[in-house]
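Please look over the model shown here before reading on; the report below moves from the whole chain to a single helix.

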Amino acid sequence: MRIQHTGVFAGEAAIPAQRARARTRARGRVVRDLRDRGGRGPRALTFAAGDVVVVSGLPGSGKSTLLRRTAEGRGIDSQDARERWEARMPRLLPYALYRPLVRIAHYAGLHRALRSGAGVVVHDCGTQSWVRGWLARSAARRGRALHLVLLDVDPATARDGQRERGRGVSAYAFARHRRAVGRLVTAVEAGRLPRGCASATLLDRDAATVLRRIGFRDAA
């Protein structure tokens, strides 16, 4: 099946997925399903210069790990802001007390990155659709595109990931994330991309593990 050009390329020749092939929906919008390939997926995803890439998924699904390994210094992760603030704060001070400051610092840094015009890869928890809307509008104002990379990891694996990093979320918060990410995966599988999103790439844990680069072509 032909995939329309949207400025996103896989780093290797396409390998048909067992669950679903890459497919198109609507004008110029692409859904690429890289799940169920047993680690035989592409090693790189390359986007047009200046585009914005959002990485979404459950807490513990591996978003931060993926950004650190693949974004080549262009990753914007709220976890980085949290760790910077934690290093400054008294050890016994609960994170909830300074969480608003962490969020302000994160979004201020994201705003600066977007204003630079460079391509960025952004960590997204999946529950705040207004963030994707903001990113889509920012990209559109610069004549660029927003792309979604969605980690489809089962809840048990995500919980294991939280335990491995020693930082989890409450049962209530995790249930909220499950609902939001579940709706997002279902919509993308049906070809219904978030508003303003030019493409979506679905990854399972194997596909995310073999991915080595999320990057951008040089500006002409």
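## From the whole chain to helix 3

In this predicted model, residues 24 or more positions apart account for 76% of the contacts in the protein with a separation of 6 or more. The protein has seven helices and 10 strands, and of its 220 residues 49% are buried. The area it exposes is about 11,300 Å², of which carbon and sulfur atoms supply 51%.

Confidence should be kept in view, since the mean pLDDT of the protein is 84 and 86% of its residues reach 70 or more. Two stretches have pLDDT below 50, as the table shows.

| Stretch | pLDDT | Contacts in the model |
|---|---|---|
| Residues 1-7 | below 50 | 24 contacts, beyond near neighbours in sequence |
| Residues 12-27 | under 50 | 41 contacts, beyond four places in sequence |

Where pLDDT is low, the predicted coordinates should not be read in detail.

Helix 3 covers residues 95-115, and because each of its 21 residues is taken at 1.5 Å, a span of 30 Å is expected, with which the 29 Å between its end C-alpha atoms agrees. The helix has a kink of about 30 degrees, centred on Leu-101.

Its buried residues are Tyr-95, Tyr-98, Val-102, His-106, Gly-109, Leu-110, Ala-113 and Leu-114, and what covers them includes strand 5 (52-56), strand 6 (75-76) and strand 7 (120-124), together with helix 2 (78-88) and helix 4 (129-141). After helix 3 comes Gly-117, which has a positive phi, near 85 degrees.

How values were computed:
Residues numbered from 1 in each chain as written. Predicted model: local features only at pLDDT ≥ 70, side-chain atom pairs only at ≥ 80, totals over all residues. Heavy atoms only, no water. pLDDT = per-residue confidence, 0-100. Contact = heavy atoms within 4.5 Å. Helix = DSSP H or I, 4+ residues; strand = E, 2+ residues; numbered from the N terminus. Buried < 20%, exposed > 50% of the residue type's maximum accessible area, 1.4 Å probe, protein only. Areas by Shrake-Rupley, 256 points an atom, 1.4 Å probe, with all protein chains shown as cover. Expected span 1.5 Å × (residues − 1). Bend = angle between axes of the 7 residues up to and from the residue.
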